[in-house]
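Let's walk through this chain together, from the overall fold to a few individual side chains. Have the sequence and the 3D view ready as you read.

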Amino acid sequence: GDNGPEYIQRTPLSGRASVRIQGPAGSFAARFSRTSRALYNTAVRSPQAIAPYENQDYLFLEGQRELALSPHLRAELSLQADTHQSQRFDFRRGLALRALGERHLGGKARLFWTGTHAELVGGLEYSRDSFGNDWNGRNFAYYPAVQADGTVTGITPGPAARILTPYSRSFWGVYGQALWHTGKGVTLLAGFRGDYVGAPRIREHFALTPRLGLVGTPDEKTVWKLMYTSGFRQAMAILTTPDGYLLGSPAYASSEVTEPERIRSLEASCSRLVSSRFNVSANLFYNRMEQLHSLLANGDQFRFVSAGRVDLWGGELVLWYRLQDALDLRLAHQHAAPGRERQDPSHVILSPGSGDRLMYYPQAVTKLLCDWRLGPRLSASAVGMRVQPQRGYLGTAPARTGAYSLLNLNLVATLGLGHELRLEWRNVLDANPKVPMPGAPGVGTSMVPLAGRSVGLAYRRVFRP
């Protein structure tokens with residue numbers, strides 16, 4: 001549950017359920033999840049304040065079929081359907097504040113060819129995506145206010161209160177990848193992906209993203225890797241509605257987000273097994289991002305735009321040690337910092353002024369992971385994390401959070417053939433830093449606390465013929 005001041009003694013309940021049926025040449029999978037959370041409000045803490053609470057539901061279905069076309073060639077066909085809904089309300093008064101949903105129907109076809117020194121993969125995928133109503137046919141966003149006498153204003157049912165105008169868009173994807181094993185401990189990787197989004201208000205519908213890589217194994221204890229990858233992110237569906245109306249308010253407009261965000265990455269890594277109980281790995285990366293999507297304020301009007309160019313660099317060092325046959329320890333330290341490109345007019349990634357600090361992302365994180373096999377049917381794990389300060393906006397001024405620590409514990413028991421029970425205890429230390437959400441200059445933003453202590457229980461059953 002959330003332990004913010006307004007939500008003491010409130011315990012959101014979340015859960016998930018999944019099933020997978022595996023046959024000799026195919027499978028079927030289904031998954032459902034509900035996530036509930038209280039949203040923190042820093043503006044006003046009084047009986048008149050709106051106390052929003054949010055439920056998010058997700059349902060996923062997939063059928064898959066594998067075909068052996070020859071000793072070296074096989075095909076994989078799949079059909080997917082998923083749907084998501086988000087509902088928000090004020091649990092003090094039972095006011096419905098927001099409802100929104102989306103649905104996706106699609107399929108994939110992939111080919112896999114394996115030779116003596118090479119491997120090829122190619123595929124085609126299609127999806128028809130619909131946005132607007134939730135599972136009950138509702139689509140609205142209200143921004144109510146509670147007066148001193150208890151009167152609620154701002155609830156105006158009707159088409160004008162819709163969160164977005166319902167519409168659909170199509171997505172096509174094609175991709176290919178080749179692996180060539182040189183026979184000298186080096187593997188060459190080359191691939192590409194092309195994506196087309198058929199949606200209104202998008203100027204650049206097609207994007208091509210290549211990737212290249214080299215992987216070397218000079219001996220059985222050492223692995224090194226060099227990678228170049230690229231990617232893109234189209235404008236969110238809520239920004240590409242046919243009429244540009246979104247978020248239940250005429251103050252928002254989506255007329256300028258017409259180009260995808262792009263990222264290009266370089267990565268170098270090396271791993272060395274020093275002994276049977278000790279391993280060291282190091283990773284360095286460089287990211288360059290262009291056409292950053294952001295929200296800009298202009299008086300009481302907001303505009304979604306794509307602009308700017310920013311680069312980042314960073315690295316990670318991981319030490320693994322097996323203290324005894326039943327106990328593994330892993331220590332990881334990650335660090336990230338801005339590069340030389342600092343054209344970020346909306347401060348999406350970099351802090352205002354000189355841009356020498358990252359926004360909404362800690363520049364350093366240290367993790368300690370412990371896996372302990374307590375017996376043939378029982379194991380435990382612990383994940384400790386130290387997060388360094390990060391920056392965001394609170395109101396119109398940049399805000400800085402303090403460093404904080406997190407500790408999560410897990411206990412897994414195998415009850416018998418095919419039965420598994422998992423107990424999860426999250427945020428054992430009850431850390432509650434207020435982390436600023438991404439906002440925009442001139443726009444008041446909320447401080448969102450981490451969820452307080454929570455307990456999860458999961459059961460897994462595998463049926464075998």
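Buried residues, those under 20% relative accessible area with a 1.4 Å probe and only protein chains considered (exposed is over 50%, partly exposed in between), make up 39% of the 465 residues in the chain. Keep in mind that this is a predicted model, where local features need pLDDT of at least 70 and side-chain atom pairs count only at pLDDT 80 or more, while totals for chains, interfaces and linings use all residues. Residues are numbered from 1 along each chain as its sequence is written, and side-chain values use heavy atoms, with hydrogens and water left out.

What secondary structure does the chain have? There are 27 strands and zero helices; both are DSSP runs numbered from the N terminus, strands being E over at least two residues and helices H or I over at least four. Counting contacts (heavy atoms within 4.5 Å) between residues at least 6 apart in sequence, 59% join residues at least 24 apart.

Now look inside. A nonpolar core is a set of buried Ala, Val, Leu, Ile, Met, Phe, Trp, Tyr and Cys residues joined through side-chain atoms within 4.5 Å. The largest one has 10 residues: F131, A141, I163, L164, Y167, A235, A237, I238, L239 and F304. Another core, of eight residues, lies apart from it and includes L292, L312, A336 and L358.

On the outside, the accessible surface (Shrake-Rupley method, 1.4 Å probe; for residues, only the protein chains shown count as cover) comes to about 25400 Å², with 59% belonging to carbon and sulfur atoms. Part of the outside is a nonpolar patch of about 1100 Å², made by W372, L374, L378, L411, L415, L421, L423, W425, V455, L457 and Y459. The elements giving two or more residues to this patch are β19 (364-375), β23 (404-416), β24 (419-426) and β27 (454-461). Patch residues have over 30% relative accessible area and no salt bridge (a Lys or Arg side-chain nitrogen within 4 Å of an Asp or Glu carboxyl oxygen); nonpolar side chains (Val, Leu, Ile, Met, Phe, Trp, Tyr) are joined within 5 Å, like charges within 9 Å. L374, in strand β19, is partly exposed at 41% relative accessible area.

Finally, visit R262 in strand β15 (residues 261-275). Beyond its neighbours within four places in sequence, R262 is in contact with E204, F206, A207, G231, F232, R288, M289 and E290.
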